[in-house]
Amino acid sequence: MPVLPDRSTRHSAVAMALRTAALVNALADPTAGPREVTAVLLAHGEPPPAAVTDEEVTLLRGAAAHLREVFAAGSADEAAALLNSLLAAHTGPLRLTSHGGSAPWHPHADADDVAPWTPWFLASGCLALTFLLWDRQAPPGRTCASPACGNVFVAHGSGPERRYCSRRCATRERVAAHRRSRTPTAAPGAGRHPAGGVADAT
């Protein structure tokens with residue numbers, strides 16, 4: 001998953017959406033704790049120490065489940081309905097902040113510049129995904145099509161619509177499909193006597 005740590009881009013809608021996806025994926029792992037969640041926050045430009053507690057991880061995991069539904073939406077209409085519900089329940093008045101000059105001006109919809117992690121995650125995630133849906137007029141994200149994965153990813157940019165979260169997943173599924181196509185299938189009626197009885201296996 002690409003990360004945009006540069007100061008001028010760290011608070012863009014795409015950067016915030018990438019951070020949201022990374023947190024949703026990290027929190028899907030039931031073994032993930034404060035260390036793993038903090039590592040994601042730091043990797044996406046949150047200032048140190050960006051530390052979270054075990055209790056906060058539990059609350060963030062519940063928030064991530066709501067945001068995962070937006071990534072899984074099959075249409076812009078479905079994603080918009082989910083986002084509208086989350087925006088109504090978890091965001092306040094939209095405002096601009098620079099955190100006292102320590103960051104570029106960017107929008108916030110949580111209660112305070114130092115709001116707890118969970119309301120911040122929900123508000124910033126909803127805001128970023130809303131901007132992407134607005135810009136693309138399409139669902140802002142997807143769930144990886146690989147049955148072995150389940151990660152969410154941000155759908156943005158030009159080119160063919162992505163189905164997989166990474167080249168690794170895409171390659172794995174292509175290899176699996178190729179192997180299935182080369183597997184011989186039993187001919188109809190194989191293993192039966194001409195009269196219709198089951199052949200003796202011994």
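Helix α5 has 20 residues and reaches 28 Å from its first C-alpha to its last, which is close to the 28 Å expected at 1.5 Å a residue. This helix belongs to a predicted model, in which the protein has six helices and four strands. Read from the N terminus on, the elements run α-α-α-α-β-β-α-β-β-α, and of the 202 residues of the protein, 38% count as buried. Among the contacts with a separation of 6 or more, 49% are accounted for by residues 24 or more positions apart.

**Helix α5 and its surroundings**

- Of the 20 residues of α5, 14 are buried, so this helix is largely enclosed by the rest of the structure.
- Glutamine 137, placed just after α5, takes a positive phi of about 55°.
- Helix α5, which covers residues 117–136, packs with helix α4, which covers residues 76–90; their axes come within 10 Å and cross at roughly 145°, and the crossing of the two helices is left-handed.
- On the α4 side the residues that take part are Ala76, Ala79, Ala80, Leu83, Leu86, Leu87 and His90, and these meet Leu122, Ala123, Cys126, Leu129, Thr130 and Leu133 in α5.
- Sorted by class, the contact of α4 with α5 has 11 nonpolar and two polar residues, and no charged residues.

**Histidine 66 and cysteine 126**

- Histidine 66 is found in helix α3, which spans residues 54–71, and with a relative accessibility of 37% this histidine counts as partly exposed, because the value lies between the limits of 20% for buried and 50% for exposed.
- Although histidine 66 and cysteine 126 are 60 residues apart along the chain, their C-alpha atoms are separated by 9.9 Å; Cys126 is also one of the α5 residues that meet α4.

**Helix α1 and its packing with α2**

- For the 15 residues of α1, a rise of 1.5 Å a residue leads to a span of 21 Å, and the end C-alpha atoms of α1 are indeed 21 Å apart, which agrees.
- Of these 15 residues of α1, 13 are buried, so α1 is largely enclosed by the rest of the structure.
- Helix α1 (residues 13–27) and helix α2 (residues 34–43) pack at an angle of about 170°, and their axes lie 10 Å apart.
- Since angles over 145 degrees count as roughly antiparallel, α1 and α2 are therefore roughly antiparallel to each other, and their crossing is right-handed.
- The contact is made by Ala22, Leu23, Ala26 and Leu27 from α1, together with Val37, Val40 and Leu41 from α2.
- By class, this contact of α1 with α2 has seven nonpolar residues, with no polar and no charged ones.

**Arginine 142 in strand β3**

- Arginine 142 is found in strand β3, which covers residues 141–143.
- The relative accessibility of arginine 142 is 18%, and because buried means under 20%, this arginine counts as buried.
- When its neighbours within four places in sequence are left aside, arginine 142 is in contact with Phe71, Asn151, Val152, Phe153, Ala155, Glu161 and Arg162.
- One of these contact partners, Phe71, falls within the residue range 54–71 of helix α3, the helix in which histidine 66 is found.

Definitions and conventions
Residues are numbered from 1 along each chain as its sequence is written. This is a predicted model: local features need pLDDT of at least 70, side-chain atom pairs count only at pLDDT 80 or more; totals for chains, interfaces and linings use all residues. Side-chain values use heavy atoms; hydrogens and water are left out. Axes are lines fitted to C-alpha atoms, for helices over the stretch in contact, and angles run from 0 to 180 degrees between N-to-C directions. Angles under 35 degrees count as roughly parallel, over 145 as roughly antiparallel, 65 to 115 as roughly perpendicular and the rest as oblique. A crossing is left-handed if the near helix is turned anticlockwise from the far one by less than a right angle, and right-handed if clockwise. Contact means heavy atoms within 4.5 Å. Ala, Val, Leu, Ile, Met, Phe, Trp, Tyr, Cys and Pro count as nonpolar, Asp, Glu, Lys and Arg as charged, and the others, Gly among them, as polar. Buried means under 20% relative accessible area, exposed over 50%, partly exposed in between (1.4 Å probe, protein chains only). The expected span of a helix is 1.5 Å times one less than its number of residues.
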